Amino acid sequence: MSLFRKLLIPTLVVIPLLCAEIILRVAETRLSGNVAHIKAIPALAETLGSKQGAKVLLLGNSLTNNGFDPDLLRDRLKEQGHNVSVEKITPDATAIWDWLFLYDNVIGHHLSEPVTVVVGFAWNIVSDQARESLTRLGAFYANFGNLYEFGRARGLTVDEFSEFTLAKVSRLFAHRERIRNSILSYIIPDYQSFAQESDPRQAAQVRIDDQSPGADVSSTYEALYRLSELVNAKGGTLVLVAMPVIDPYEIAQGMDTTAEEGRITLLDFRVLSGLTRADFEDNMHLGASGREKATKYLGEALAPKIHEASMRDALQ
């Protein structure tokens, strides 16, 4: 076989892959609203950092996104005499390690003044043992130094290291599930509708399983403590909000201890007066009416803390 023929097949494989990589990197924000939101995070953080006066950052996943309305929160705080800038950064399917590295590598670089960072959570998603996607970490939030920190806290397998590395260097690999779903949607009628209906149920089951008896015994909160240190270092406050969901869950004892040691404010919104099942979009997420009620409660809880911070800044 000639040298030309030996090189032909690899070339025919490599060139299309390189072209696909380039196209994905250029048009990545068109893949989904969530990817577009992730890519907009530096600009969102820069906008918040440029504002004068008190600032609030709503940070989390869809629980926080569906749970609080930044415009309503801003209006609620204004009614109580506080002019506050509010921004929301809530990429889907994220947990504590994503938020830690996102704050460390991106958000914190744009914040030079104190910010009240509000993180909505449920189940065990703020523990070090929360289920994490190494693909998501590698593609969007973490560097190899972060990966070392992640592995030191909870262990790291060769497969996980490989997944992280591939996601870091290849957009085709990082978006493989989305590409697969797009292909299946083209081939199988109504596949997308079926996937959208089944995914929330599967996600809920994962989280409920994580809250089984004894699940909290081995839970640790190094990532949460680290996030509080980063926020406190800039004079800000980390506020954890236990979000309301249909099925009840417990707040782990270790989280209470970490909150006290890390100067974290813990708000228990699991049961809110006036909130009914009709206020939920599904088993996990608040609908429009529930979001309005939860935002009202958040505004009432944050107002005295913002006042204290303003008085403290005035005395410095």
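Three exercises on strand 3 and on salt bridges follow, all for a predicted model.

**Exercise 1. Burial of strand 3**

Task: Determine how many residues of strand 3 are buried, and which residues lie on each side.

Solution:
- Step 1. Fix the cut-off: buried means under 20% relative accessible area.
- Step 2. Apply it to residues 116–121: six of the six residues of strand 3 are buried.
- Step 3. Recall the general pattern: in a regular strand, side chains alternate between the two faces of the sheet.
- Step 4. Sort the residues by side. Thr116, Val118 and Gly120 are on one side. Val117, Val119 and Phe121 are on the other. Both faces are covered.
- Step 5. Conclude: six of six residues are buried, so strand 3 is largely enclosed by the rest of the structure.

**Exercise 2. Partners of strand 3**

Task: Find the sense in which strand 3 pairs with strand 1 and with strand 4, and name the bridge partners of Val117 in those strands.

Solution:
- Step 1. Take strand 1, residues 54–59: it pairs with strand 3 in the parallel sense, over four bridges.
- Step 2. Take strand 4, residues 237–242: its pairing with strand 3 is also parallel, over six bridges.
- Step 3. Locate Val117 in both pairings. Leu57 has Val117 as its bridge partner in strand 3. In strand 4, Val117 is bridged to Leu238.

**Exercise 3. Salt bridges**

Task: Describe the salt bridges of Glu28 and the one between Glu149 and Arg226, stating which parts of the chain they link.

Solution:
- Step 1. Set the rule: a side-chain nitrogen of Lys or Arg lies within 4 Å of a carboxyl oxygen of Asp or Glu. The count is 13 salt bridges.
- Step 2. Pair Glu28 with Lys39: the closest N and O atoms are 3.2 Å apart. Glu28 lies in the loop between helix 1 and helix 2, and Lys39 in helix 2, so the pair ties together parts eleven residues apart in sequence.
- Step 3. Check exposure. Glu28 is buried at 4% relative accessible area. Lys39 is partly exposed at 38%.
- Step 4. Pair Glu28 with Arg171: the closest N and O atoms are 2.5 Å apart. Arg171 sits in helix 9, 143 residues from Glu28, and the pair links distant parts of the chain. Arg171 is buried, at 6%.
- Step 5. Turn to Glu149 and Arg226: the closest N and O atoms are 2.8 Å apart. Glu149 is in helix 7 and Arg226 in helix 12, so the pair ties together parts 77 residues apart in sequence. Glu149 is buried at 13%, while Arg226 is partly exposed at 22%.
- Step 6. Join the bridges that share partners: Glu28, Lys39 and Arg171 form one network.

Notes:
Residues numbered from 1 in each chain as written. Predicted model: local features only at pLDDT ≥ 70, side-chain atom pairs only at ≥ 80, totals over all residues. Heavy atoms only, no water. Buried < 20%, exposed > 50% of the residue type's maximum accessible area, 1.4 Å probe, protein only. Helix = DSSP H or I, 4+ residues; strand = E, 2+ residues; numbered from the N terminus. Pairing = 2+ DSSP bridges.
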